[in-house]
Amino acid sequence: MKSHATPERIARFLNDCRTIAVVGLSPKPHRASFDVSRYMQAAGYRIIPVNPNATEVLGEKAYATLQEAAQHEKIDLVNCFRNSEDIPPIVDEAIAIGARAVWMQLGVAHAQAAATAEAAGLLVVQDHCLKIDHRVLLSSGLLDPRARPERPLP
């Protein structure tokens with residue numbers, strides 16, 4: 001199945017949606033999930049950590065599951081830092097909580113889960129780094145550098 005996640009569609013989404021749940025966000029600063037999330041937070045996005053082994057990451061309360069996080073926050077994008085085989089239940093949860101997109105980081109892809117998410121109307125990006133794509137879209141002029149989050153950061 002051909003993805004509908006064109007650079008223009010991703011840019012429109014990132015200009016509009018400001019809350020990102022990061023599944024597998026590590027509290028360890030040397031991990032990629034921490035670096036990407038810190039960058040996106042600095043760019044004005046609200047980061048919601050989803051990690052059953054953490055209580056707080058980047059100054060935000062961590063939740064054990066997406067379902068638990070969605071009881072407290074409206075989640076636009078689910079960013080996945082998990083192994084490819086772990087993606088189907090994450091996609092199912094993303095659909096159940098009403099997320100608008102699923103992003104699978106570099107090296108993470110699952111064709112059937114992506115098809116399920118797209119069939120449910122979610123924007124899907126696989127095997128891409130959110131930080132890299134954000135920088136590329138920003139430098140290309142597709143992202144509004146003045147865009148601010150819907151609510152102030154803590």
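**Entry 1: a loop residue on the outside**

I take a residue as exposed when its relative accessible area is over 50%, as buried when that area is under 20%, and as partly exposed in between. Leu 106 has a relative accessible area of 53%, and therefore I note this residue as exposed. I should record early that the model I am reading is a predicted one. I looked up where Leu 106 sits, and found this residue in the loop between E6 and helix H5, the latter covering residues 111-119. Setting aside residues up to four places away in sequence, I find that Leu 106 touches Asp 127, His 128, Cys 129 and Ile 132. I also checked a distance to Ala 62, which is 44 residues away along the chain, and the two C-alpha atoms are separated by 23 Å.

**Entry 2: residues with positive phi**

From Leu 106 I went on to Asp 127, one of the residues that Leu 106 touches. Asp 127 belongs to the loop between E7 and H6, and its phi is positive, about 55 degrees, although this residue is not a glycine. Is Asp 127 buried or partly exposed? The relative accessibility of Asp 127 is 41%, so I write this residue down as partly exposed.

Leu 58 also has a positive phi, near 55 degrees, and is a residue other than glycine. Leu 58 lies in the loop between E3 and E4, and I count this residue as buried because its relative accessible area is 19%, where the cut-off for buried is under 20%. A glycine came up as well, since H2 is followed by Gly 44, which has a positive phi near 105 degrees.

**Entry 3: helix H2 and what covers it**

In H2 I listed the buried residues, and they are Ser 33, Phe 34, Val 36, Ser 37, Tyr 39, Met 40 and Gln 41. What covers these buried residues of H2 includes E1, strand E2 (46-50), strand E3 (56-57), strand E4 (60-61), strand E5 (77-80) and H6.

I then looked at H6 in this setting, and found that H2 and H6 pack with their axes 9 Å apart, at an angle of about 35 degrees. Which residues meet where H2 and H6 pack? From H2 there are Asp 35, Val 36, Tyr 39 and Met 40, and from H6 there are Leu 130, Lys 131, His 134 and Arg 135. By class, the residues of this contact divide into four nonpolar, one polar and three charged.

Lys 131 held my attention here, as a residue of helix H6 (residues 130-139). Its relative accessibility is 15%, and so Lys 131 counts as buried. Not counting residues up to four places away in sequence, Lys 131 touches Asp 35, Val 36 and Tyr 39.

**Entry 4: the nonpolar cores**

The largest nonpolar core has 29 residues, and those that touch the most other members are Ile 10, Phe 13, Leu 14, Ile 20, Met 40, Leu 77 and Leu 130. Helix H1 (7-16), strand E1 (19-23), helix H2 (32-42), strand E6 (101-104), strand E7 (123-125) and H6 are the elements that give two or more residues to this core. I noted a second, separate core of 24 residues, which includes Ile 75, Ala 94, Val 102 and Ala 113.

Of the larger core I followed up Ile 10, which, leaving aside neighbours within four places in sequence, is in contact with Ala 5, Trp 103, Leu 123, Val 125 and Leu 137.

**Entry 5: the largest pocket and helix H4**

The largest pocket holds about 210 Å³ of space. Its lining is made of 14 residues, and those that lie nearest the centre are Val 23, Val 50, Pro 52, Ala 64 and Arg 82. I sorted the lining by class and have seven nonpolar, four polar and three charged residues. Which helix gives the most to this lining? I found helix H4 (residues 87-97), with three residues.

In helix H4 I looked up Glu 93, whose relative accessible area is 22%, so that I record this residue as partly exposed. Apart from neighbours within four places in sequence, Glu 93 is in contact with Thr 65, Leu 66 and Gln 67. The C-alpha atoms of Glu 93 and Asn 15 are separated by 24 Å, and these positions lie 78 residues apart in terms of chain separation.

My last look-up was Asn 83, in the loop between E5 and H4, which counts as partly exposed because its relative accessibility is 48%.

Notes. Residues numbered from 1 in each chain as written. Predicted model: local features only at pLDDT ≥ 70, side-chain atom pairs only at ≥ 80, totals over all residues. Heavy atoms only, no water. Helix = DSSP H or I, 4+ residues; strand = E, 2+ residues; numbered from the N terminus. Buried < 20%, exposed > 50% of the residue type's maximum accessible area, 1.4 Å probe, protein only. Contact = heavy atoms within 4.5 Å. 1 Å grid on protein atoms, 1.4 Å probe; cavity = no way out; pocket = protein on both sides within 12 Å on 5 of 7 lines; lining within 4 Å. Points joined across faces, edges and corners; volume = space filled by probe spheres on them. Nonpolar A, V, L, I, M, F, W, Y, C, P; charged D, E, K, R; others polar. Core = buried A, V, L, I, M, F, W, Y, C linked by side-chain atoms within 4.5 Å. Axes fitted to C-alpha atoms, helices over the stretch in contact; angles between N-to-C directions.
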